[in-house]
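Dear colleague,

I am handing over the structure that follows and would be grateful if you would look through it. My notes on what was found come after it.

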Amino acid sequence: MSVASRLRGIRFLVDESSPDEIVIPDDMGADERLLMRSIEEFAAQEVAPHLERIEQRDEEVILPLFRKAADLGIFMAEVPEEHGGLGLNVLAIAGMSEKRSAFGGLASTVFAHQGIGTLPLINFGTEAQRARYLQRCMDGRIMAAFALTEPGSGSDAMNIRTTAVLDERGTHYVVNGAKQWITNAGWADLFILFAKVDGTRFTAFLLERETPGLTVGPHERLLGLHGSSVCALTLEDVAIPVENVLGEIGKGHRVALCTLNLGRMKMAANCAGTSKKALATACAYAAERQQFGRPIASFGLIQAKLAEMAARAYAAESVAYRTAGLVYTALGALDDGARDSLDAKLATLAEFSAECAMAKVFGTETYHGLADEALQIFGGNGFSEDYPVARMYRDSRITRIYEGTSEICRLSIGKAMLKRLDRGSLELPRPILPLRLEAPGGDPARAAALRGPVAGLRAICLDLLSQAVARFGTDRLLDDDRQGYLGAIATAAIELYAAESTALRVRRLEESRPGADTSLAAELARLAFERAAGRVRQEAAALLSGLHAGDDLRDALAAVDRRLPLPADRIALDGRIARALIERGGALPDFAAA
């Protein structure tokens with residue numbers, strides 16, 4: 001298959017991908033793994049001893065650590081070499097996003113600076129703007145923040161009210177308005193600020209902290225992320241030089257959307273890292289905690305939790321790296337002229353906006369679910385701030401809200417599908433006959449067994465979309481009172497994407513490392529599929545019950561079941577996975593590049 005044909009968004013919904021098309025963390029080479037180890041060592045030696053003071057938002061600890069993080073090269077990672085950065089490959093960038101999760105309360109500060117604060121400058125800044133700010137962002141001399149959200153516009157981000165009016169001399173834009181929930185605001189030196197020029201043209205600006213008229217409010221009292229600085233901004237006749245327009249007048253929404261898509265992708269990798277940490281913490285406690293004269297890890301219900309957590313974490317990691325591979329491969333395929341074009345970058349990122357949203361939803365919901373289960377395994381101790389899972393639980397909650405709520409992401413996924421249908425880039429096949437799939441057999445048939453069930457999920461997703469479009473049409477499906485249909489379709493597609501990503505990863509491992517024992521990875525993929533199948537059944541029932549009734553509904557639900565294999569022996573599968581995890585200290589399978 002040609003590169004061009006692979007670089008299409010939502011292709012997984014209609015075509016089966018091959019294992020060699022995806023990026024997996026197991027393919028990291030020696031250089032990338034050395035970089036990952038340096039980040040882990042920094043987290044263990046420099047950050048971990050100060051976690052309590054970070055939680056108290058102690059600037060005397062946080063700001064020096066922020067500058068030390070710059071010394072690791074984190075803020076230079078994806079800056080092109082021609083701009084003084086490292087220009088690292090996709091595996092290194094995704095890996096850094098994942099390992100950043102080990103920074104605890106410092107992670108939010110680092111992400112807001114690198115993930116959404118500096119990126120707009122890299123992608124859309126002029127040479128003069130980059131010369132003035134970029135090197136100082138990379139070496140930690142200044143901290144950046146992304147100022148989009150307002151008191152009256154959260155999910156409806158394009159409906160901001162902050163205005164910018166060109167002054168009589170034509171040298172400055174005078175900005176008035178307010179921003180809310182701005183991460184790093186208390187410490188940031190540079191804000192990526194969004195306002196509407198003349199009240200209509202959505203535009204991005206570079207705003208320095210010391211500009212007269214800018215007032216930074218006190219730190220918000222947050223449920224979690226206690227170590228982060230989140231404040232409101234008030235702008236009263238703030239004069240921003242015309243040369244500090246970022247991108248083009250009226251095209252600030254493109255800067256915002258481009259940054260948010262990349263931010264969602266990186267958050268998925270970060271959540272994969274925090275999910276793995278929650279799993280390892282829960283496994284260690286379950287192996288140590290004694291009840292009724294034996295470790296609680298030996299009890300079947302705890303084993304079921306550990307196995308489910310492992311499968312979800314493994315799937316979240318697989319999704320995050322696959323999505324990063326799609327995005328960075330597409331950006332790398334742009335010719336030299338297009339790489340400097342705002343429109344070309346946005347078009348490329350828009351092509352995979354649905355995958356970025358899927359990765360964000362799956363990663364954040366996995367992280368929160370695993371933090372919740374880890375707390376449950378800790379029992380009463382988990383409800384105490386003296387144990388680490390309490391902070392994990394608090395910190396996990398916000399991830400399903402910022403960078404686009406799970407609900408907004410699901411709607412954007414559904415809308416992306418409908419747009420592709422309207423423009424003809426996505427075609428729905430004729431109804432697929434029920435598939436006769438058998439349960440997985442022995443090792444020789446493992447790859448086929450993983451492919452078959454995923455094909456059944458794909459058939460169900462296509463049928464759900466096809467039936468909804470046939471009943472309502474693409475326009476009427478966008479009505480507010482039909483969001484439930486779009487949400488069901490999006491959730492089913494997310495589960496398909498996750499199940500396929502995990503299965504492809506295992507197939508790639510089996511093909512590239514024939515002598516390796518990939519049995520645990522395969523069982524995790526199987527359990528990830530079982531969970532996906534259950535969720536797809538649930539969403540199919542919700543959607544189909546709105547389209548059919550009586551015997552027609554029974555037939556439609558039966559067709560869903562016929563497209564899926566018989567379930568695995570979950571009790572035995574859970575036990576095998578849980579015991580393997582305990583032996584590994586809670587670590588997921590990881591195969592160094594051959």
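Helices here are DSSP runs of type H or I with at least four residues, numbered from the N terminus. The model is a predicted one.

**Helix 12 and the residue after it**

Helix 12 covers residues 353–378, 26 residues in total. From its first C-alpha to its last it reaches 37 Å, close to the 38 Å expected at 1.5 Å a residue. Of its 26 residues, 21 are buried, so helix 12 is largely enclosed by the rest of the structure. The residue that follows helix 12 is Gly379, and its phi is positive, near 65 degrees.

**Positive phi in residues other than glycine**

Ile10 also deserves attention, since this residue is not a glycine and yet has a positive phi of about 60 degrees. Ile10 sits in the loop between helix 1 (3–6) and helix 2 (30–47). With a relative accessible area of 1%, Ile10 is buried.

Asn184 is another residue other than glycine with a positive phi, in this case near 80 degrees. Asn184 lies in the loop between strand 3 (172–183) and strand 4 (190–197). Its relative accessibility is 0%, and Asn184 therefore counts as buried.

**Helix 4**

How does the span of helix 4 agree with what its 13 residues should give, and which of its residues are buried? Helix 4 runs over residues 59–71. At 1.5 Å a residue the helix should span 18 Å, and its end C-alpha atoms are indeed 18 Å apart. The buried residues in helix 4 are Val61, Ile62, Leu65, Phe66, Ala69 and Ala70. An α-helix has 3.6 residues a turn, so residues three or four places apart point the same way. The buried residues of helix 4 pack against helix 2, helix 3 (51–55), helix 6 and helix 7 (127–138).

**Two helix pairs**

Two packed helices are described by the angle between their axes and the distance between the axes.

In the pair formed by helix 6 (residues 106–124) and helix 8 (residues 252–288), the angle is about 140 degrees and the axes are 10 Å apart. That angle makes helix 6 oblique to helix 8. Their crossing is right-handed. Helix 6 contributes Phe111, Gly115, Ile116, Leu119, Pro120, Asn123 and Phe124 to the contact. Helix 8 contributes Val255, Cys258, Thr259, Leu262, Gly263, Lys266 and Met267. By class, the residues of this contact of helix 6 with helix 8 are 9 nonpolar, 4 polar and 1 charged.

Helix 5 (residues 90–99) and helix 9 (residues 300–332) also pack at an angle of about 140 degrees, with 10 Å between their axes. These two helices are therefore oblique to each other. Helix 5 passes helix 9 in a right-handed crossing. On the side of helix 5, the contact is made by Val90, Leu91, Ile93, Ala94, Gly95 and Glu98. On the side of helix 9, Glu317, Tyr321, Ala324, Gly325 and Tyr328 take part. The contact of helix 5 with helix 9 divides into 7 nonpolar, 2 polar and 2 charged residues.

**Three residues and their contacts**

The contacts below leave aside neighbours within four places in sequence.

Ser108 belongs to helix 6. At 10% relative accessibility, Ser108 counts as buried. The contacts of Ser108 are Thr183, Asn184, Leu225 and Ser228. One of these, Asn184, is the residue described above with a positive phi near 80 degrees.

Asp395 is found in helix 13 (residues 388–397). Asp395 is buried, with a relative accessible area of 4%. Asp395 is in contact with Gly224, Leu225, His226 and Tyr367.

Is Leu223 buried or exposed? At 59% relative accessibility, Leu223 counts as exposed. Leu223 is located in the loop between strand 6 (214–216) and strand 7 (230–241). The contacts of Leu223 are Arg394 and Arg397. In addition, the C-alpha atoms of Leu223 and Arg391 are separated by 9.8 Å, although the two residues are 168 residues apart along the chain.

With kind regards

How values were computed
Residues numbered from 1 in each chain as written. Predicted model: local features only at pLDDT ≥ 70, side-chain atom pairs only at ≥ 80, totals over all residues. Heavy atoms only, no water. Axes fitted to C-alpha atoms, helices over the stretch in contact; angles between N-to-C directions. Parallel < 35°, antiparallel > 145°, perpendicular 65-115°, else oblique. Left-handed = near helix turned anticlockwise from the far one by under 90°. Contact = heavy atoms within 4.5 Å. Nonpolar A, V, L, I, M, F, W, Y, C, P; charged D, E, K, R; others polar. Expected span 1.5 Å × (residues − 1). Buried < 20%, exposed > 50% of the residue type's maximum accessible area, 1.4 Å probe, protein only.
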